[in-house]
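Hi everyone, thanks for making time. I'd like to walk you through a structure that may be new to you, so have a look at it first and then we'll go through it together.

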Amino acid sequence: MKHGLMIGGFGANAGLRKVFNDKWVISSRKLDNSPDYYRSFGNHRVATYLRKKGWDIECLDYTFYMSDDEIRQYLDDRITAQTKFLGISLLFPLAYISRNRLQGVVNWMKRTHPHVIIVVGGVKAFVLTEIGNVDYYCAGSGEYALEAILEHEFNGGPSIKATIWKQGQLINAYRDYPAHPKPDARISYEERDYIEPYETLNVEFARGCIFKCTYCSFPLIGIKGNMDRCQQDLHDELLENWERWGVRNYYITDDTVNDRQDKMEKVADAVRKLPFQPQFSGYARGDLMIRHGEKTWEDMIDIGFTSHSYGVETLNHKSGKAVGKGMNPEETKEGLLKIDEFMRKNMKKDQYYSGSLTMIAGLPHESFASLDAGKEWLNKYWGHHSVAYLPLRINSPEEIAQSVEAENMDINNSDNFYKEGYTFEYREPDYIDDPRVREVIKGMLQAKQYMLGTRGKVPWNFWVHPSGEYDYVDMLQWTYEWMDDRIAQGSYATYCFETNVPTAQHKDHPANIKHHFKQYPLEVDATNLHQFIISYIDKKLGRTESKTDE
Ligand code: B12
Ligand code: SF4
């Protein structure tokens, strides 16, 4: 049988395995959220599709929790003359160290197993193209694109629509091999994935988003037409994961889970037919939650979709309007409180409600005064939920003008902000008191330095707000102060997207999970999830007795 391997799991904390046996914690003293403890689902989705076409494909998750020797040992062990390709999934930009490690693995593969072609795949071209010495870069939903590559390479199929990038070929899969809609977007796991019942897997209800917010850089936005999953396919996937692995927890990967009321109804119909109650977390637009009202909230409770991350972004009306989220903030605040009350009153036993908010600091028309007004409300009324503020990130016009073809494949949303009057400073800021902010800026300067060697000739820069009142660095500082205040007042509930940590931690007492979504110790114990990853790697490397695929 034609054989392929797919590896992933190159995250920000990668390579920290040496401290695995100490107590591991997830800390709320941070500004971003980490994807490190999830499997590399992109690989599993593409592999599931290709297996239906007769391929034998094994996936390896959490790769960078292994040492370089372990990664090589695994690849040496699995690769045979039948092995045709190695797929590498990259969801997020790699930190400098991870990038070098991955490049090392790729170079070693080319020297040691030259008959295996290497395909790097994921959402964003600029992330993929940081790696050299590969045969194909596949940006976008990769099911049909990888199939086309394999047909071309090994079955005399037509040549691939691509442009040259470094030594390889760069594919715009969204445009040239579109896989949206994808009604059968199911992932089927195998024995050799060693799925545990307390894991949080990922699931798709629909592909793409019907909206087009100004700051959003997801490629499949403003999508027209029906992009929904087939109800039966969704039902069967959830049932299979329950019957084979005992899994009931999911992160939904839709850009906006609740874009339509009828979508929630359709999912609820599929879920009601299941013999168990699943639990879902995912991104829901706050304004739509409020508009759609109680019928949809009931559907959500039936589905088990009670762990939400609302992209509210701002509580300043003019700022919201400027980025496509124009609901009056008073209506937003009132609506959020209503949802909170409704969920708490009507949720089923053992369900938990997370009303995580994600906010952007530095939008058009936002001032220190309006930010502080928003903060006051959030600290008073939304202190029992997690709220993440991140400073607005946009590229300067010079960067966009000089960006290479690979970057032009990715959506650029910066233009929308130039129109609002954002300007850019090209110098190292010399006025930073807070050592944490200094550290972040230092990291960004280093990254920029690295980029100068590979692509981009524009020196480090940061935006200045149209009002002239503040700049990017001030907003970075403001978000740290925001976090300090939240910690000081004891507001640090678990984020909706960190649901996999408490789910694993309380595997024997699921009723305790809900406490994390009110308040939890500042540093939450993640030992179980880490133990799971160690044991997964041991099984993959044959260090523990385990069932193998038939
Ligand atoms: C779930 C999710 C998360 C989870 C991640 C959990 C995990 N690891 O699974 C959490 C909540 C932790 C998260 C965090 C963040 N996220 Co996020 N997230 C998503 C989301 C909604 C779904 C990703 C996903 O799992 N999709 C499902 C899988 C199956 O799809 P996939 O991996 O894309 O795979 C497909 C293709 O990419 C391709 N493919 C993938 N692998 C391979 C391999 C090969 C060989 C081939 C050929 C093809 C291929 O084919 C697959 C099937 O179609 C996306 C939006 C989206 N819908 O894609 C944003 C998204 C990936 N996130 C984004 C961002 C910005 C962030 C944050 C930076 C947010 C923040 N400001 O903190 C952080 C980053 C954290 C960090 N430390 O780096 C951005 C872009 C990231 C980027 N590359 O620049 C996205 C695209 C959203 C957006 N609006 O732009 N996120
Ligand atoms: S609703 Fe979300 S995914 Fe859709 S365009 Fe807006 S920010 Fe992007």
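**A walk through the model**

Let's begin with the overall layout. The protein chain splits into three pieces: domain 1 (3-178 + 530-542), domain 2 (191-386 + 492-519) and domain 3 (397-487). Keep in mind that this is a predicted model.

How far apart are the C-alpha centres of domain 1 and domain 2? They lie 28 Å apart. Where these two domains touch, 15 residues come from domain 1 and 15 residues from domain 2. On the domain 1 side of that contact, β3 (56-60) and α20 (527-540) each put in at least two residues. The largest share on that side belongs to α20, with 3 residues. By class, the domain 1 side has 9 nonpolar, 4 polar and 2 charged residues.

Okay, a word on confidence. The protein chain has a mean pLDDT of 90, and 92% of its residues reach 70 or more. There are weak spots, though. Over residues 14-23 the pLDDT drops below 50, and that stretch has 12 contacts in the model beyond near neighbours in sequence. Residues 28-33 are also below 50, with 9 contacts of that kind. Where pLDDT is low, the predicted coordinates should not be read in detail.

Now, the ligands. Where does ligand 1 sit relative to the domains? Domain 1 and domain 2 both give residues to its shell, so ligand 1 lies between them. There are 38 residues around ligand 1, and the ones that come nearest are Gly42, Gly87, Ser89, Gly121 and Gly142. If you want to find the elements involved, look at α1 (41-52), β4 (83-89), β5 (117-122) and α5 (143-155), which each supply at least two residues of the shell. Which of them gives the most? That's α1, with 5 residues. Sorted by class, the shell around ligand 1 comes out as 20 nonpolar, 13 polar and 5 charged residues.

Over to ligand 2. Its surroundings include three cysteines you can pick out by number, Cys209, Cys213 and Cys216. Also around ligand 2 are Phe211, Lys212, Phe218, Ile221, Asp255, Thr256, Arg285 and Gly311. That shell has 6 nonpolar, 2 polar and 3 charged residues.

Last stop: a run of paired strands. Try to find strand β12, residues 305-313. Is β12 buried or exposed? Well, 9 of its 9 residues are buried, so β12 is largely enclosed by the rest of the structure.

Who are its partners? On one side, strand β11 (residues 279-284) pairs with β12 in the parallel sense over 5 bridges. You can spot Tyr283 standing opposite Ser309 of β12. Then there's strand β13 (residues 354-361), which runs parallel to β12 and is joined to it by 6 bridges. Here Glu313 has Met359 in β13 as its bridge partner.

Stay with Met359 for a second, as it takes us along to the next strand. Met359 also stands opposite Tyr389 in β14. Between β13 and β14 there are 5 bridges, and again the two run parallel. As for β14 itself (residues 387-391), this strand is mostly covered, with 4 of its 5 residues buried.

One last thing to keep in mind when you look at these strands: in a regular strand the side chains alternate between the two faces of the sheet. That's my tour, thanks for listening!

How values were computed. Residues are numbered from 1 along each chain as its sequence is written. Chains are lettered from A and ligands numbered from 1 in the order in which they are written. This is a predicted model: local features need pLDDT of at least 70, side-chain atom pairs count only at pLDDT 80 or more; totals for chains, interfaces and linings use all residues. pLDDT is the predictor's confidence in each residue, from 0 to 100. Two residues are in contact if their C-beta atoms, placed from the backbone, lie within 7 Å. A residue is buried if 20 or more other C-beta atoms lie within 10 Å of its own, exposed if 12 or fewer, and partly exposed in between; C-beta atoms are placed from the backbone. Two strands pair if DSSP finds at least two bridges between them. A residue is near a molecule or strand if its C-beta atom, placed from the backbone, lies within 6 Å of it. Ala, Val, Leu, Ile, Met, Phe, Trp, Tyr, Cys and Pro count as nonpolar, Asp, Glu, Lys and Arg as charged, and the others, Gly among them, as polar. Domain bounds come from an automatic or database domain assignment.
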